[in-house]
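This note sets out, point by point, the features of the model that merit attention on reading. It begins with the ligand and then turns to the sheets, the aromatic pairs and the backbone.

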Amino acid sequence: MTKRIAAALIGASLLAMAGAQSLPARQAARPATDARTRAAAIVARMTLDEKIGLLHGLFPPMARGKTSNELIPSAGHIDGIARLGVPLIRESDASLGVANQVEQRKGDVATALPSSLATAATFDPAIARAGGAMIGSEARAKRFNVLLAGGINLTRDPYNGRNFEYLGEDPLLAGEMGGAHIQGVQSNRIVSTIKHFALNSQETGRMVADGRIDEAALRESDLLAFQIAIEKGKPGSVMCAYNKVNGDYACENDFLLNQVLKRDWGYKGWVMSDWGAVHSTAKAANAGLDQQSGQELDRKIFFGDDLKADVASGKVSIARIDDMVTRYLTGLIETGLFDNPVPGTLNPIPYARNADVAQRAAEAGIVLLKNQGSLLPLARNVKRIVVIGGHADVGVLSGGGSSQVRSVGGAPVEIPLKSGAASSFARTTWHASSPLKALQAALPGATITYVDGRDPAAAVAAARNADLAIVFATQWTTEAQDVADLSLPDGQNALIDAVAAAQPKTAVVLETGGPVTMPWLARVPAVIEAWYPGQRGGEAIANILIGQVNPSGRLPITFPIAESQAPRAAPIGLDTLNSLEAQAAADPAKAGNYKLKTYPIDYVEGSDVGYRWYERMKRQPLFAFGYGLSYTNFTYRKPIFTGGKTVTVSFDVVNTGRTAGAEVPQVYVARAGSDKPMRLAAFTRVTLKPGEVRRVTLTAEPRILADYDVKLPGWRIAGGAYRVALARDAIDRSRVSTVRIAPATMKP
Ligand code: BGC
């Protein structure tokens, strides 16, 4: 990763907006079988060198001179084969927008969505799809055609530095939302990946850690999220992860790639490696890796001359090489990329319209956690408001790493890192969307001032002189590092306590990567979780605070009272890593000797990830998965629970309050008499006017009722009595019924 910073700065170029070029008429995307037949016919006309040329990609910042085509500073580049019509591939990170880490393309901005976790909090696949479609359209206009998007690793650990890039802790929610996002991206006739396959659950030791878990548990959790998202989204490519799973690196893991993905799930696209995740040639190729990405970041180019030599010696068969290339072309053809080249020059982008997509996602994903005495929405007659901290005068925080978007409007605050694994490619970055200015614009009759919170005494004095205080508290998280604990950093807990003691009307707005602990919660009447809200986050937060938008986000992740409630109280390996880094700093000449070696992480919770772990251990969290308040009230009436092949629940959702709003009814199931915790089996999001009643029917995903049976092999519904909860969050048991389900088995 250290290579990255130097590399990223080489060849940085200003992307000027060149004249628009019209797109060719759209060719329809093709079904996979057709696509594979066509791909195979193209591969049959290739030389071995041409085939191998498609199986390893360049890392543009470090690949100058390696191609005659233009290298756009970004994550990846693979030349095409003009005589066979195979297109040039340009890869960009794109989880939250077209990424531009450390501004390697000077001046090139893109629309930044809120964090994926915020999108997950909408519980609305349509919002995920719209976000993906927006990103894909900007990517195509910028001449990228393979997007490194679709991050879907389940949140096993609340301190994971990349939780903000993922879709929470539940396989059904993550699968549905991830699939929708991928659909959106690929609606632009480009490829989206899904990543990181699999069990890349923490950043500490991500290159060496060995995730240990039994097969059934893995199939019922992380793999199920991938499976559902792949079925819904049909991503052209799957990116294998850095870490090991049960002893083998994910990118040379026969079980994950050959057995699960390609055999059991019938996946037809290609497996690309993560950047710097390849460790072998024949082992990886035979285990199912189809393409080495960003080759300059690996120890060597495993899938170039070495692969050719392994073909010559018979270690890798030519049939396997053909399969690798055929899969690559199948992914390109099936998504429509192959037949719809990206423009030759930059196309104009409707940034104003796209910003609305980002704002809508942020507004729908913000979660109202507490609202004692209806402090929110802000009363129209509040005269003096003080906004404190979080750089809320200029912007909103974003998460760091390869997903970093240089957003429209630039970065009003950008703090380089002094050390740590992320320092080479991440900076703490705020998007230019000021909650303060948005509030001032929305409440012209009020005097709204700002203090930065660095001096708690000044903040307290300002809070005392105001009618109401809003503290913005931030927790920055990034790829390549975990947070050591879940406390708000930099004395912010003390600041909140001090302000709340001086001003009873205090609201806290959290901008965090995931859960944080809230030792001050009992003393603060109102709290909203705004996540990293994206480039219109300031406007979105203001709209929630003033009630222009009714909060409707629900937690996609459990908030513990304390770290000790989670399956692991801290990142495994962090102490060792810290001590090695200290030794390396003291002995720079031998820094290379102080590297983490491979070590196991035992996922003792198995498939009981997140809220299921809390139920299993009978631990009451601070805020449960699925939880979130509204400015109106909802009730459910006339529920009918039906069994049979699966569980169906029909009920009326009623908005009994005076404000329009959205509600997220959830269905949880567990086999009666089993000691298994309940699992989310269905959910929806319903928007209702005051007094409006809507009949809703939710049908359980059958694999959620089932357990994975490795002997079958496949999914097995035991049959018999099942407990069903129609619930407002993962711990709500106020509407529980029992239904009978028929026994059944399903393919893996
Ligand atoms: C990340 C991937 C990313 C890739 C390319 C890696 O460090 O894990 O998510 O797509 O870099 O930038």
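1. The structure is a predicted model. Within it, a polar side-chain atom of H196 is placed 2.7 Å from an oxygen atom of the ligand. R162 makes a further approach, with an N or O atom of its side chain 2.8 Å from a ligand oxygen atom. For Y242, the distance between a polar side-chain atom and an oxygen atom of the ligand is likewise 2.8 Å. The ligand has 310 Å² of accessible area on its own, and the protein covers 100% of this area.

2. Which residues come nearest to the ligand? There are 15 residues around the ligand, and the nearest of them are D93, R162, H196, D274 and E479. By class, the shell consists of seven charged, six nonpolar and two polar residues. R162 and H196 thus appear both among the nearest residues and in the distances given above, R162 at 2.8 Å and H196 at 2.7 Å.

3. One open sheet is built from three strands in the order 20-21-26, with antiparallel pairing. Strand 20 (634-642) and strand 26 (693-699) are the edge strands; each has a single partner strand, so one side of each has no neighbour in the sheet. On average, neighbouring strands of this sheet are turned by 20 degrees against each other, direction ignored. As general background, the strands of a sheet pair through backbone hydrogen bonds, in either a parallel or an antiparallel manner.

4. The pairings within this sheet can be followed residue by residue. Strand 20 and strand 21 run antiparallel and are joined by seven bridges; T642 stands opposite T648 of strand 21. These two strands form a hairpin with five residues between them, in which G644 adopts a positive phi near 115 degrees. Strand 21 (residues 648-655) also pairs with strand 26, again in the antiparallel sense and over seven bridges. In that pairing, S650 is found opposite T697 of strand 26.

5. A further open sheet of three strands has the order 12-14-13 and antiparallel pairing. Why is one side of strand 12 and of strand 13 left without a neighbour in the sheet? Strand 12 (396-397) and strand 13 (414-416) stand at the edges with a single partner strand each, and therefore one side of each lacks a neighbour. Two bridges connect strand 12 with strand 14 (residues 427-431) in the antiparallel sense. W430 in strand 14 is the bridge partner of L397.

6. The whole structure contains 12 aromatic pairs. One of them, formed by F197 and F226, is edge-to-face, with 5.0 Å between the centres and 75 degrees between the planes. This pair links distant parts of the chain: F197 belongs to strand 4 (residues 191-197) and F226 to helix 8 (residues 222-233), and the two residues are 29 residues apart.

7. Some backbone geometries should be checked against a general expectation. Most residues other than glycine have a negative phi, and most peptide bonds are trans. The peptide bond from L376 to P377 is cis, with omega near -5 degrees; P377 lies in the loop between strand 10 (367-371) and strand 11 (384-388). A cis peptide bond also leads from L712 to P713, with omega near -15 degrees, and P713 is in the loop between strand 27 (707-709) and strand 28 (714-717).

8. Where is E103, and what is its phi? E103 is not a glycine, yet its phi is positive, at about 45 degrees. The residue is located in the loop between strand 2 (89-93) and helix 4 (116-120).

Note on methods: Residues are numbered from 1 along each chain as its sequence is written. This is a predicted model: local features need pLDDT of at least 70, side-chain atom pairs count only at pLDDT 80 or more; totals for chains, interfaces and linings use all residues. Side-chain values use heavy atoms; hydrogens and water are left out. A residue is near a molecule or strand if one of its heavy atoms lies within 4 Å of it. A polar contact is a pair of N or O atoms within 3.5 Å; within protein, one must be able to donate a hydrogen and the other to accept it, and residues adjacent in sequence count only if both atoms are side-chain atoms. Accessible areas come from the Shrake-Rupley method with a 1.4 Å probe; for residues, only the protein chains shown count as cover. Ala, Val, Leu, Ile, Met, Phe, Trp, Tyr, Cys and Pro count as nonpolar, Asp, Glu, Lys and Arg as charged, and the others, Gly among them, as polar. Two strands pair if DSSP finds at least two bridges between them. Helices (H or I, at least four residues) and strands (E, at least two) are DSSP runs, numbered from the N terminus. Axes are lines fitted to C-alpha atoms, for helices over the stretch in contact, and angles run from 0 to 180 degrees between N-to-C directions. Rings of Phe, Tyr and Trp (its six-membered ring) pair if their centres lie within 6.5 Å; planes under 30 degrees apart count as stacked, over 60 as edge-to-face and the rest as tilted.
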